[in-house]
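Me: I'd like a close look at the disulfide bonding here, along with any backbone spots that deserve a second glance. Please walk me through it residue by residue, in plain words.

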Amino acid sequence: MTLDDRIRSAIQARTSRVEPSPGALHDIQEKLMHAQQDNNRTRLMIGLGAAAAIIAVVAGVVVVTGDDDDQDLDVAGTTTTEEPTTSASTTSTTVFDAVVDPAVAIWPRVGTSQRFESPVAAAQSFATDFLGFTEPIVGELRQGDTRSGEVPVQPAPDGPETTVLVRQLEDDTWFVIAADTADITLDSPAAGDLVECPVQLTGEALAFEGHVDVAIRDDVSDQPLGAGFVTGGGGPAAPFDGTVECDLSSLDPGAQYGSIVMTTAGGEDGRVWTAEVIRVQLQPAS
């Protein structure tokens, strides 16, 4: 007899004496039922846990997407109250608190939001909007130091040159601080002087029939506070000495800044031909 036969005989002899109890089958079925219920409960818990995880992931995606949408809406609806630096074509005149020294800058007006990122654009606007040039020929910047220079302006290709002096001031934008021409030399008043009405002017000029127009201007109105003329020479240049009446009563008490603008006329249509402009203080009568 082999070893396998011996083991099989021993098992049969052992189990032949086992008598199952009357409720054994019922007990086995209940245990199997409980086991099945536990197994089902375990599967249910696993399923619920997986579903909860999926819901959490989806909710997270929705939250992130919702945040992005909210952020996009906020950006689209944002408005800025900061005064922007404007391009050459900007002509806004909104009043705001400027940080530019009013004793220096003539154009653009320091009390408005008009600003120029280009020195040539500043000179172009000054020539046409402030001085009244008609379609001037505006050249390139002649660099002085790192923040200033000159821009040539001519009334025609063969016309005399008016040199517009420009400088970077507020936020590195460009301002006109003076204008000069070889045809006019203003000895008095000098730049920065305190002037009262009437304004006494002396110097030398070369102009058609010696006629030089003079305007006393403030920093607010497009209309001059006073206007007149002085007479120099028609060729060669000759001295002038004259007075220009003006009315400073509309200014606030105390010294206010403005400009003395001197221009000559030329060409067939008598357009503005040359210009001399200086910055002065205007003293209203007490």
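**Loops, prolines and a disulfide**

Reply: Let's start at Pro 189, which sits in the loop between β6 (184-188) and β7. Please keep in mind that this is a predicted model. The bond leading into this proline is a cis peptide bond: it joins Ser 188 to Pro 189, and its omega is about 0 degrees. Ser 188 is also where β6 (184-188) ends.

Moving along the chain, we come to the disulfide you asked about. In general terms, a disulfide is a covalent bond between the sulfur atoms of two cysteines. Here the count comes to 1 disulfide. Its partners are Cys 197 and Cys 246, with an S to S distance of 1.7 Å; this pair qualifies because the cut-off asks for sulfur atoms within 2.5 Å. Where do Cys 197 and Cys 246 lie in the chain? Cys 197 is in the loop between β7 (194-195) and β8 (199-205), while Cys 246 is in the loop between β11 (238-244) and β12 (256-266). The two cysteines are 49 residues apart, so the bond links distant parts of the chain.

Its handedness comes from the torsion: about the S-S bond of Cys 197 and Cys 246 the angle is about -110 degrees, so the disulfide is left-handed. Are its ends buried or exposed? Cys 197 is partly exposed, at a relative accessible area of 29%. Cys 246, with 14%, is buried, because buried means under 20%.

Now for the backbone elsewhere. Another cis peptide bond runs from Trp 107 to Pro 108, with omega near 0 degrees. Pro 108 belongs to the loop between α2 (24-77) and α3 (119-131).

Two loop residues are worth a glance for their phi values. Asp 171 is not a glycine, yet its phi is positive, near 50 degrees. Its place is the loop between β4 (162-168) and β5 (174-181), and with 61% relative accessibility Asp 171 counts as exposed. Glu 209 is likewise a non-glycine residue with a positive phi, about 55 degrees. Glu 209 lies in the loop between β8 and β9 (211-217). At 64% relative accessibility, Glu 209 counts as exposed too, because exposed means over 50%.

If you are following along on screen, β8 is a handy guide: the loop between β7 and β8 holds Cys 197, and the loop between β8 and β9 holds Glu 209.

Technical notes:
Residues numbered from 1 in each chain as written. Predicted model: local features only at pLDDT ≥ 70, side-chain atom pairs only at ≥ 80, totals over all residues. Heavy atoms only, no water. Helix = DSSP H or I, 4+ residues; strand = E, 2+ residues; numbered from the N terminus. Buried < 20%, exposed > 50% of the residue type's maximum accessible area, 1.4 Å probe, protein only.
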